[in-house]
Amino acid sequence: MAHTKEWRSSMKIRFDYNNMMQAYIGEHGITDEEIFAKSKLAKNALNFYKTNRGTGMMCWSELPYNQTEIVKELNETARYICKKFKNFVVLGIGGSALGPIAVFQALNHLRNNELPRKVRKVPKLYVEDNVDPERMASLLDVIDVEETMFNVITKSGSTSETMSQFLIISDILKKKLGDRAKEHIIATTSENKGNLIKIAQREGYKTFYIPDGVGGRFSELCPVGLLTAAVMGVNISEMLKGAADMDKACLNKNVSENPALAAAVLQYIAIEKGNNISVMMPYADGLKYIADWYCQLWGESLGKRIDLDGKEVFAGQTPVKALGVTDQHSQIQLYTEGPFDKVITFLGVDKYRAEVKIPDGYKDIPAVSFLCGHTLNELITAERMATEYALMRAGRLNQTIMLPELNEYTLGQLLMFFEIQTAFVGAMFNIDSFNQPGVEEGKNATYALLGKEGFEDKKKELASAPKKDAKYIIQ
Ligand code: PA5
């Protein structure tokens, strides 16, 4: 369904940073003067975004605008999958999995897989982003591969975890279905690089492409995330529209009118002042895995040893996920009274998609009956506001992003907001936000341990590494 301009304007997400400011939280807060002092830095970050968008590794910034054709193909494929298959399984990891998981949780029924098919209308979804053998075995216990479409997603086409899952599944499919195996696999990968594309062409799989200039953690708004979303009944055009509208808002040169730029400046100042932790705390189960997605985006993009001039900077801010209200009973004690080293970002929703009343009862016990007549909606909202307030009173940096509702349009805005904020902060730190050199050493050591060709020297290096000392192992 196409929405009106008025509807969209009522669905704008809001970035509220009152509680980042000294006027509210006292000495640990940020002042207007400090923000003003970063005007040049902000201007340069915005220029970097404007100048580089659509080029190099910043092609993700154009995704909201340039996919009309591919959206048609994705929707057609999604309709076919919905008609023919009971299960849709994503095989991928990192940026090839966290977006699909987050969007599914945000826009589908929270218990999608447990609903009867008639109510659900879409397949069951499983996103397999680990190589724990027990998890793979358990998946095979609950699905029938004959009723399942597998979407193997890997941009590089060489990620060990994804390729090993692919080898397992394609072997099972071939043994069971012979030539028809290929009808159960869709490959989403680079069009001209890596091994998956070679295999896909050889086997005749349906393929979708990940554009060259779109890195894993910036790929939710291309076929990596859009196919799963379309299969799960999401209006992907509306999600892209939300992202496009956020992108436009983030081109505004006034920091106070540009949500991602304001958020970037604040976070940059907070980091300069020693706030090395960024807590993402949504107050909605639907947004729970947005925190996971954010953790990868923020951590992998900004955690860098050297800057663009080759200087050692050890940049970054550790992302932590939390869930309101659940983690009020686990982490909030630390956030209220522990070290002054973090910024807490709350995600709130004005209007939840369900309303649940708390019925009358136990009128004679006031400590229980004060809840009666209220709704869970009022309770979760009151708890979010109360936690913001308590943190403000304790002088803790916190900010809130409010979604009028959780829907395709607001989610598109939210994803784009964080992607652009990340690019802005990376530019402020003068680092490359789009690579991940720090994960290579571990990957190479894995290749060596498993005997991959070309890693013989690494294997020797590992063999001569210091042996673990039994005196440091307690049984
Ligand atoms: O953000 C990134 O680029 C990484 O986290 C990748 O998404 C992850 O390593 C998976 O890579 P690939 O899609 O090549 O399998």
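A residue counts as near a molecule if one of its heavy atoms lies within 4 Å of that molecule. Keep that in mind for the ligand here: 13 residues surround it, and Ser96, Thr154, Ser156, Thr159 and Gln296 come nearest.

A quick word on what you're looking at. This is a predicted model, where local features need pLDDT of at least 70 and side-chain atom pairs count only at pLDDT 80 or more, while totals for chains, interfaces and linings use all residues. Residues are numbered from 1 along each chain as its sequence is written, and side-chain values use heavy atoms, with hydrogens and water left out.

**Around the ligand**

By class, the shell holds 1 nonpolar, 9 polar and 3 charged residues; Ala, Val, Leu, Ile, Met, Phe, Trp, Tyr, Cys and Pro count as nonpolar, Asp, Glu, Lys and Arg as charged, and the others, Gly among them, as polar. Three side chains make polar contacts (pairs of N or O atoms within 3.5 Å) with it:

| Side chain | Distance to a ligand oxygen atom |
|---|---|
| Thr154 | 2.7 Å |
| Ser156 | 2.7 Å |
| Glu300 | 2.8 Å |

On its own the ligand exposes 380 Å², and the protein buries 87% of that (areas by the Shrake-Rupley method with a 1.4 Å probe).

**Elsewhere in the chain**

The whole structure has 17 aromatic pairs, meaning rings of Phe, Tyr and Trp (its six-membered ring) with centres within 6.5 Å. One of them joins Tyr49 and Phe424 edge-to-face, at 5.6 Å centre to centre and 80° between the planes; edge-to-face needs planes over 60 degrees apart. This pair links distant parts of the chain, with Tyr49 in helix 4 and Phe424 in helix 18, 375 residues apart. Helices here are DSSP runs (H or I, at least four residues), and strands are E runs of at least two.

Two backbone spots stand out. Most residues other than glycine have a negative phi, and most peptide bonds are trans. Lys121, however, has a positive phi near 70°, and sits in the loop between helix 7 and strand 3. The Gly324 to Val325 peptide bond is cis, with omega near 0°, and Val325 lies in the loop between strand 10 and helix 15.

Definitions and conventions
A polar contact is a pair of N or O atoms within 3.5 Å; within protein, one must be able to donate a hydrogen and the other to accept it, and residues adjacent in sequence count only if both atoms are side-chain atoms. Rings of Phe, Tyr and Trp (its six-membered ring) pair if their centres lie within 6.5 Å; planes under 30 degrees apart count as stacked, over 60 as edge-to-face and the rest as tilted.
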